[in-house]
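Here is a short report on a protein chain. Keep the sequence and the model at hand while reading.

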Amino acid sequence: MILGSYANAADYGMNESASADANCAALQAALNSGNTVVVVPPGEYSFNPKYALYNDGTYSFAAYCGVAIPSNVTVLGYGVRLIGVNTNSPQYSFLASYRTENVNIKGFYLRGDRDNNTYPINPPEDYGFGVDFREVENCSVEDVSSDKMYGDSFYCGVIDTALTGGSNIVYRNISGSNSRRQGLSITGGQQIRVDGFNFRSIRGAFAGPCAGIDIEPNTSDLVNDVIITNGYVEDCVTPLVCFKVINLVVSNIQSENCDISFPQLNDRVFDAVFDNIVGRTGANTNYGILWQLSRTLVGIRFNNFIMTGPFLYNFFIEEDTTGAYAFQDIVFSNGTFNVKDDDVFTNSSNTSVYGAITFDNCKFLVPAGFAPADTGNLNAGSYIFQTPNAIWKNCLIESTGTASLQCDFGVYGNQGNIVNGMTFIEDYATLSNGWTTLATYQQQAIVKDASGEVRLYGTITAGTTTAGTAFVTMPAGFRPSAKETCVIAVENGAGTVTASMVEVSTAGVITLLSTVPTNAKLTLNSVRYLAA
């Protein structure tokens, strides 16, 4: 073999008037010729993506494909259209390469048999693929369009479920439309790059989320080190789904008229950054963000994003209700949520870790005309934001609607936020033994910051003043692991201010350690301690 030698598939019998099987045989012969470059002349060719049985005897793995591309081959198909015949099968691959290295596929338009496949649909069989990589090393797909597949336009995964896939795999300038299951499935591998993609109208599968890109390993392993950038997804169920992935970077992505506007994070996603994400919505869009019953999301960053348009639920984040899987260190920053239609549910209260989610410098804009009467899904009391376990910092919550809406920032309180056009609801401790908030003074309220420090605010009066009196009970999540003592300011009826000590028990009960004057005012702003 001469390095850099090439074969022309036409010399092996591939031509536009040949049968689908004959074209597959000719292209396979060119690929097996020992040349490092195989060229297919421009033209439209009938093609049978279930022409040959690709069998790996080591693992007794068998799959049908049009052609199998061996290692160290670049196949060029610029101006080439491979038109698939009816396979009468849910499983096939136009261009397949398994356990190979240094395979490069460039050019090609692939059209599957979704419109004319006569196979009786039996879910969950959706495995007709355009380009099919399994456990490959140092391989790439560039400038390829793959449409109307029975399953995925592109597939990257494993042969044997005990393995984790290949590495150093690049997809550049790829597109797919009208496939049933996914634009691109990544079910195994590491060091995977997707740079430049366009997926449209991915719908109709029995198995799979019908995503632009679906990262979802078939085993308990994690996909590792994935970069996805410069993409557009339209009219799919969701632009991106993430299961079991570590070290993920997603940037410069736009979605439009998808059922779910933003990337879905479902299960075991670690150390992921999403930057410059735009979700535009349309008639199909039901959800802005939907992470429902998600599990173990840790170290997630959404930066510089805009979400617009109508939703059934604008923002829905909910941890697995068993409480066995925690959200931790999830941050939304420098983003805008436009809340624009009938139903809004903005509740992350099921997340078990306090401070698991942070909103930092975000805008939530509610338009004129929005009212509780428009929806059956607002929280009780017409809360439009009720996120008891989230941190809110420097956010703008603005309603130009005509209804009286309420905003509850939850247990972390209002940290430099601005609320316009709706009522701001704070979190309070429970007062006892006659103690009440002093009229015209700040109502008592509690805040816990990201470090776990609890702070109590407000001025109270009119309660029992003898030593040992319990006057405040802190809610769960705001109680110390051991007894704490704090100093408070006490003002008597004559205006004299002195210091007094209080004790905070592990049950959250705050008691006076000494008797204070009758009708004293207690200022609580100096009560500080770490929660358990």
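## Aromatic cluster

Phe-262, Phe-274, Trp-291, Phe-302, Phe-305, Phe-332, Phe-337, Phe-359 and Phe-364 are joined into a cluster by ring pairs. The model is a predicted one. It holds 21 aromatic pairs. Take Trp-291 and Phe-302: their ring centres are 5.9 Å apart and their planes meet at 35°, so this pair is tilted. Trp-291 counts as buried because its relative accessibility is 0%. Phe-302 also has a relative accessible area of 0%, so Phe-302 is buried.

Phe-302 and Phe-332 form a stacked pair, with 5.2 Å from centre to centre and 15° between the planes. This pair links distant parts of the chain. Phe-302 belongs to strand S20 and Phe-332 to strand S22 (residues 327–338), with their positions 30 residues apart. Phe-302 and Phe-332 are both buried.

## Nonpolar cores

Which residues have the most contacts inside the largest nonpolar core? They are Ile-228, Phe-274 and Phe-332, in a core of 88 residues. Strand S20 (residues 287–307) supplies the largest share of this core, seven residues. Apart from this core lies another, of 24 residues. Its members include Ile-446, Ile-488, Ile-510 and Ala-520. In soluble globular proteins, nonpolar side chains tend to be buried together.

Phe-332 has a long contact list once residues up to four places away in sequence are set aside. Among its partners are Ile-289, Trp-291, Phe-302, Phe-305 and Phe-315. Others include Ile-317, Phe-337, Ile-357 and Phe-359. Thr-358, Asp-360 and Cys-362 also touch Phe-332.

## Phe-47 and Thr-87

Phe-47 is part of strand S3 (residues 43–47). Its relative accessibility is 0%, so Phe-47 counts as buried. Leu-82 is 35 residues from Phe-47 in sequence, yet their C-alpha atoms are 5.8 Å apart in space. Beyond neighbours within four places in sequence, contacts of Phe-47 include Ala-20, Cys-24, Leu-27, Leu-82, Ile-83 and Phe-94.

Thr-87 sits in the loop between strand S7 (74–84) and strand S8 (91–98). Is Thr-87 buried or exposed? At 9% relative accessibility, Thr-87 counts as buried, because the cut-off for buried is under 20%. The side chain of Thr-87 makes a polar contact with the side chain of Asp-113, at 2.7 Å. Setting aside neighbours within four places in sequence, Thr-87 also contacts residues including Asn-48, Pro-49, Lys-50, Tyr-92 and Asn-117.

## Strand pairing around S35 and S40

Strand S35 (residues 453–457) is mostly covered, with four of its five residues buried. Strand S34 (residues 445–448) runs antiparallel to S35, and four bridges join them. Val-447 has Arg-455 in S35 as its bridge partner. S35 also pairs with strand S42 (residues 528–530), antiparallel, over three bridges. There, Arg-455 stands opposite Arg-528.

Strand S40 (residues 509–512) is joined to strand S37 (residues 470–473) by three bridges, again antiparallel. Ala-470 stands opposite Thr-511 in S40. Strand S39 (residues 497–504) pairs with S40 in the antiparallel sense over three bridges, and Val-504 stands opposite Ile-510. Four residues lie between the strands in the hairpin of S39 and S40. In this hairpin Gly-508 takes a positive phi near 85°.

## Charges over rings

Arg-528 places its charged end over the ring of Tyr-457, 5.4 Å from the ring centre. Arg-180 lies over the face of Tyr-150, at 4.5 Å from the ring centre.

Technical notes. Residues numbered from 1 in each chain as written. Predicted model: local features only at pLDDT ≥ 70, side-chain atom pairs only at ≥ 80, totals over all residues. Heavy atoms only, no water. Helix = DSSP H or I, 4+ residues; strand = E, 2+ residues; numbered from the N terminus. Buried < 20%, exposed > 50% of the residue type's maximum accessible area, 1.4 Å probe, protein only. Contact = heavy atoms within 4.5 Å. Core = buried A, V, L, I, M, F, W, Y, C linked by side-chain atoms within 4.5 Å. Polar contact = N/O pair within 3.5 Å; in protein donor to acceptor, adjacent residues only side chain to side chain. Pairing = 2+ DSSP bridges. Phe/Tyr/Trp six-rings, centres within 6.5 Å; stacked < 30°, edge-to-face > 60°. Lys NZ or Arg CZ within 6 Å of the ring centre and 35° of its normal.
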